[in-house]
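Biologist: I'd like to go through this model with you and ask what stands behind each label. Could you put it on screen?

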Amino acid sequence: MSLFLMILGAVLVAVLLAFAIVKYLPLNLRWIPSIVMLLLAVFLGFKIYNGIMEPIEFSKTKVKKYAPVVENLKIIRDAEVKFFEKNGKYTENKALLIKFIEEAKLALTETRTVIDKINKGGGIIVDVERRVTDTIGYEPVLKYFEGRDFKNMFKVPGVEGAEFELEIGEVEKVQGLIVSTFMARTPKKAILAGMSESLVKQELEVIQTDQIKGEYISVGSLEEVTSGGNWPPSYDKPGENKKQ
């Protein structure tokens, strides 16, 4: 809108200036407003170019800033999912989650079908199948985080001294079944500090599905049973699983 008003204003100035030249300015002085109009055209062209390129550059820069933030949220998500796998709940204790990755082991299980012979009485014996799960070994959680900087996963890349918020909660998935939930997030505004205030304001209100919606970059939810993030698929590698 500001670019449109600038163009409209420049056009009005040009029209008024042309009218003044024709009506009031002597012929021998008409070169002066010509130079003024040339300078105005150059200035206007520069502003139009900036007005077009600024949102494009903003979009490129925000993606570069968001990408490492999303990567850390993915590590937090994967750590919480493994913690849930072992403990049946999530944790908001950041130090505990890091220690869990370093030291914990997950059971490797094998499920088999066993047939029991049940005596129903009167000489009647029936076969009843049941499933048995055996623990056949253990594997370190650390295996899933090789090459990933999990020790610094709670630090927000590009924002000095900032850490992700981490919360846990509970929701009733179905009647009578209470399930643990978690959410990690950080405000987008801090990540975009120093960039165009008007474009940052628009970014915080974005709702398009191919963008990171809202004021935060987040993963998980306190109201829903999900481990998905609010970023679009363009931030994910093919095959990554984001739902429980």
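Biologist: Let's start with serine 180: leaving aside its neighbours within four places in sequence, which residues is serine 180 in contact with?
Modeller: With those neighbours left out, the partners of serine 180 are Phe84, Gly88, Lys89, Tyr90 and Gly169. Contact here means heavy atoms within 4.5 Å. The C-alpha atoms of serine 180 and lysine 89 are 5.3 Å apart, although 91 residues separate the two along the chain.

Biologist: Before I get carried away, what am I looking at?
Modeller: It's a predicted model, so local features need pLDDT of at least 70 and side-chain atom pairs count only at pLDDT 80 or more, while totals for chains, interfaces and linings use all residues. Residues are numbered from 1 along each chain as its sequence is written, and side-chain values use heavy atoms, with hydrogens and water left out.

Biologist: Fine. Why is serine 180 called buried?
Modeller: Buried means under 20% relative accessible area, exposed means over 50%, and partly exposed is in between, with a 1.4 Å probe and protein chains only. Serine 180 has 11%, so it is buried. Its place is in strand S4.

Biologist: And what makes lysine 62 buried?
Modeller: The same test: lysine 62 has 7% relative accessibility, so it counts as buried. It lies in helix H2, residues 31-87. Apart from its neighbours within four places in sequence, lysine 62 is in contact with Leu192, Glu203 and Gln211.

Biologist: How many helices and strands are there in the protein chain?
Modeller: Five helices and five strands. Both are DSSP runs numbered from the N terminus: helices are H or I with at least four residues, strands are E with at least two. Along the sequence that reads α-α-α-β-β-β-β-α-α-β.

Biologist: How do you know that S3 and S4 pair?
Modeller: Two strands pair if DSSP finds at least two bridges between them. Strand S3 (residues 165-174) and strand S4 (residues 177-187) have nine, in the antiparallel sense, so they pass. Valine 174 is opposite leucine 177 in S4, and glutamate 165 is opposite arginine 185 in S4. In their hairpin, with two residues between the strands, glycine 176 has a positive phi near 90 degrees.

Biologist: What makes S3 an edge strand?
Modeller: The strand order is S3-S4-S5 in an open, antiparallel sheet of three strands. S3 and strand S5 (216-221) each pair on one side only, and they are the edge strands.

Biologist: How do you know that S1 and S2 pair?
Modeller: Strand S1 (residues 105-121) and strand S2 (residues 124-140) run antiparallel and are joined by 16 bridges, so the two-bridge requirement is met. One partnership sets threonine 109 against threonine 135 in S2. Two residues sit between these strands in the hairpin, where glycine 122 has a positive phi near 65 degrees.

Biologist: On to the rings. What makes two of them an aromatic pair?
Modeller: Rings of Phe, Tyr and Trp (its six-membered ring) pair if their centres lie within 6.5 Å; planes under 30 degrees apart are stacked, over 60 edge-to-face, and the rest tilted. The count by this rule is four aromatic pairs.

Biologist: Why is the pair of phenylalanine 83 and phenylalanine 100 called edge-to-face?
Modeller: The centres are 5.1 Å apart, so the rings pair, and 70 degrees between the planes makes them edge-to-face. The pair links distant parts of the chain, 17 residues apart: phenylalanine 83 in helix H2 and phenylalanine 100 in helix H3 (residues 94-103). At 6% relative accessibility phenylalanine 83 counts as buried, and at 7% so does phenylalanine 100.
Modeller: Phenylalanine 145 and phenylalanine 150 also pair edge-to-face, at 6.4 Å centre to centre and 65 degrees between the planes. Both are buried. Elsewhere, ring pairs link Phe84, Tyr90 and Phe182 into a cluster.

Biologist: Last one: why is arginine 185 said to sit over the ring of tyrosine 216?
Modeller: A charge sits over a ring if NZ of Lys or CZ of Arg is within 6 Å of the ring centre and within 35 degrees of the ring normal. The charged end of arginine 185 is 3.8 Å from the centre of the tyrosine 216 ring, so the distance limit is met. Lysine 82 likewise lies over the face of tyrosine 144, at 3.8 Å from the ring centre.
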